[in-house]
Amino acid sequence: DAATIAELVAEARAAGRDWGADAVLDAYGQSRGPDIAIRTHAVDLLNRSLLLEFAPAHLARGLGLHLIANIGALKRLVMTKGMQPDGPLPRLMRA
């Protein structure tokens, strides 16, 4: 998120535009909004599964978390997906 807004601000400044303008914030929302929504819904689904009084849901959640915790490749995949945005990376995040 920080890299995306920093890049958008730098582009606006370089073009001589108001870097605090709504257009910059709108561009940020369009860029990061879908990725943020997906992550938010995933966490919400996991949290809501704790409230269910449906044993198979508890079993599925527990099994999934157990597999993530104990399979290194799966854990790395989940952590990478959780930490790295989908889509093209901002310049500040590229090698």
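Colleague: In this structure, is Thr4 buried or exposed?

Modeller: The model is a predicted one, and the answer rests on the computed accessible area of the residue. Residues under 20% relative accessible area count as buried. Thr4 has a relative accessible area of 9%, so Thr4 is buried.

Colleague: Which residues is Thr4 in contact with, leaving aside its neighbours within four places in sequence?

Modeller: Thr4 has its place in helix α1. Beyond its sequence neighbours, the residues in contact with Thr4 are Tyr28, Ser31, Arg32 and Pro90.

Colleague: How many helices and strands does the protein have, and in what order do the elements run?

Modeller: The protein has 4 helices, while the number of strands is 0. Read from the N terminus on, the order of the elements is therefore written with helices alone: α-α-α-α.

Colleague: What is the radius of gyration of the protein, and what does the globule rule give for 95 residues?

Modeller: Along its principal axes, the C-alpha trace spans about 60 × 30 × 15 Å. The protein is more spread out than a compact globule, because its radius of gyration is well over the value of the rule. The radius of gyration is 18 Å, and the globule rule gives 12 Å.

Colleague: What share of the 95 residues counts as buried?

Modeller: The accessible surface of the protein comes to about 7,300 Å², of which 66% belongs to carbon and sulfur atoms. A residue enters the buried group when its relative accessible area is under 20%. Of the 95 residues, the share that counts as buried is 15%.

Colleague: Where does Asp1 lie, and which residues does Asp1 touch, not counting residues up to four places away in sequence?

Modeller: Asp1 lies in the segment before α1, a helix that covers residues 2–14. At 45% relative accessibility, Asp1 counts as partly exposed. Not counting residues up to four places away in sequence, Asp1 touches Tyr28, Arg32 and Ile36.

Colleague: With which residue does the side chain of Arg32 meet in a salt bridge at 2.5 Å, N to O?

Modeller: Arg32 is buried, with a relative accessible area of 8%. The salt bridge at 2.5 Å links distant parts of the chain, with Arg32 in helix α2 (residues 22–51) and its partner, 31 residues apart from it, in the segment before α1. That partner is Asp1.

Colleague: How far apart are the closest N and O atoms in the salt bridge of Asp35 with Arg32?

Modeller: Asp35 and Arg32 are 3 residues apart in helix α2, so about one helical turn separates them. At 6% relative accessibility, Asp35 counts as buried. The closest N and O atoms of this salt bridge are 2.9 Å apart.

Colleague: Is Arg48 buried or exposed, and with which residue does Arg48 meet in a salt bridge?

Modeller: Arg48 is exposed, because its relative accessible area is 52% and the cut-off for this class is over 50%. Its partner lies 4 residues apart in helix α2, about one turn of the helix, and counts as partly exposed at 31% relative accessibility. The N to O distance is 2.7 Å, and the partner is Asp44.

Colleague: Which residues do salt bridges that share partners join into one network?

Modeller: The count for the protein comes to 6 salt bridges. Arg32 forms one with Asp1, and Asp35 forms one with Arg32. Salt bridges that share partners join into one network Asp1, Arg32, Asp35 and Arg39.

Notes: Residues are numbered from 1 along each chain as its sequence is written. This is a predicted model: local features need pLDDT of at least 70, side-chain atom pairs count only at pLDDT 80 or more; totals for chains, interfaces and linings use all residues. Side-chain values use heavy atoms; hydrogens and water are left out. Helices (H or I, at least four residues) and strands (E, at least two) are DSSP runs, numbered from the N terminus. The radius of gyration is taken over C-alpha atoms; the globule rule is 2.2 Å times the number of residues to the power 0.38. Buried means under 20% relative accessible area, exposed over 50%, partly exposed in between (1.4 Å probe, protein chains only). Accessible areas come from the Shrake-Rupley method with a 1.4 Å probe; for residues, only the protein chains shown count as cover. Contact means heavy atoms within 4.5 Å. A salt bridge is a side-chain nitrogen of Lys or Arg within 4 Å of a carboxyl oxygen of Asp or Glu.
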